[in-house]
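Reader: I'm new to this one and a bit lost. Please pick a single part, take me through it closely, and show me how it sits in the whole thing.

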Amino acid sequence: MTDMLQVDTHAHIWGESMPFWSKAWKRPDYGYTVETYLETLDASGVGFAVIAAASLFGTYNDYVIRALREHKRLRGTVIVDPDIGMYELEAMRRDGVVGIRLQLFHTDLPDFSADGYTRLFYRLRDLDMHVHVNIEPFRLAPVLDALRPSGVKIVIDHFGWPDPEKGLECPGFLAAVAAGQDGAAWIKLSGGFRRPDQNIPRMFAQAYVERLGAERLFWGSDAPFVGAEGTVTHKETLDQLSYWLPDPEIRAAIHRNAYDFYFG
């Protein structure tokens, strides 16, 4: 355990029996319940967490919303249809939902200029909610451009998935930095365990700090590590953050940022 404020801004939970989305990229044969996750947080000394909507279940947000209602140390994002109404979003906000997730990997981009999406982004802005984006690095910039006119807050998943072969010239990294510098976006240092060479996420984490400071950064474990089960533990992802950013003051600032953003 630790007395330091720590916030895991990216994890997934689900029950033993839930309907998979028809296009789910993975169909785990196990449950990862909120009770199991909270035990994991306690063992790692992490006080607060944000549940990221799992694309595996599409717009079936029921389990996550019930967990948020019951456990005030949690917040979450959901996946919604663009025509969702203001009243439903308001109710979700009261239950602890802080944003929606756009899971755009390997999909055709929607027309974000369509009326439904325009209304959705402005409603999220008005409710002080955010849009949580997961997409390949070479397609990140146009999505950010589509979100900017509404003024909605943006959170970029998994470092922006920068291409290590392109290094700090990767378009996804540069787009994320630009969005952070103009105040539109925050970046999650999450999913780094998926890189066999930890010097790659370390390089990008330090570059984000150099270009943005710690103020625009969060940390997330990505528990329960779907597709990489058994290769890493929750505690090890915290240790990886310490390797990427050895300065404890920077790490403390990142956790404070997350608490202020999601719980403040």
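Author: One bit of vocabulary before we start: the accessible areas here come from the Shrake-Rupley method with a 1.4 Å probe. This is a predicted model, by the way. With that in hand, the protein chain exposes about 11,700 Å², and carbon and sulfur atoms supply 50% of that area.

A quick look at the whole, then. The chain has 9 helices and 8 strands, and its C-alpha trace spans about 45 × 40 × 35 Å along the principal axes. A compact globule with 264 residues would have a radius of gyration near 18 Å, and this chain comes out at 17 Å, so the two agree. Of the 264 residues, 56% count as buried. Take the contacts with a separation of 6 or more: 76% of them join residues 24 or more positions apart.

Now for the close look, and I'd pick V34. You'll find V34 in helix α1, which covers residues 34-44. Its relative accessible area is 3%, and since buried means under 20%, V34 counts as buried. What does V34 touch, once neighbours within four places in sequence are left aside? The partners are I13, Y63, A67, H71 and L74. There's also E70: it sits 36 residues from V34 along the chain, yet their C-alpha atoms are separated by 10.0 Å.

Let's follow one of those partners, H71. This residue lies in the loop between α2 and β3. At 16% relative accessibility, H71 is buried too, because the cut-off is 20%. Again leaving aside the neighbours within four places, H71 is in contact with V34 and L38.

The loop holding H71 leads us to the elements on either side. Helix α2, residues 62-70, lies across β2 (48-51), β3 and β4, and runs at about 155° to β3. Strand β3 (residues 74-78) runs parallel to β4 (residues 97-103), and 3 bridges join them. If you want a spot to zoom in on, T77 stands opposite G99 in β4.

Finally, step back to the sheet. Its 8 strands form an open sheet with parallel pairing, in the order β1-β2-β3-β4-β5-β6-β7-β8. At the edges stand β1 (7-11) and β8 (217-220); each has a single partner strand, so one side of each is left without a neighbour in the sheet. Neighbouring strands are turned by 25° against each other on average, direction ignored. As for what pairing involves, strands of a sheet pair through backbone hydrogen bonds, either parallel or antiparallel.

Definitions and conventions: Residues numbered from 1 in each chain as written. Predicted model: local features only at pLDDT ≥ 70, side-chain atom pairs only at ≥ 80, totals over all residues. Heavy atoms only, no water. Helix = DSSP H or I, 4+ residues; strand = E, 2+ residues; numbered from the N terminus. Buried < 20%, exposed > 50% of the residue type's maximum accessible area, 1.4 Å probe, protein only. Contact = heavy atoms within 4.5 Å. Pairing = 2+ DSSP bridges. Axes fitted to C-alpha atoms, helices over the stretch in contact; angles between N-to-C directions. Rg over C-alpha atoms; globule rule 2.2 N^0.38 Å.
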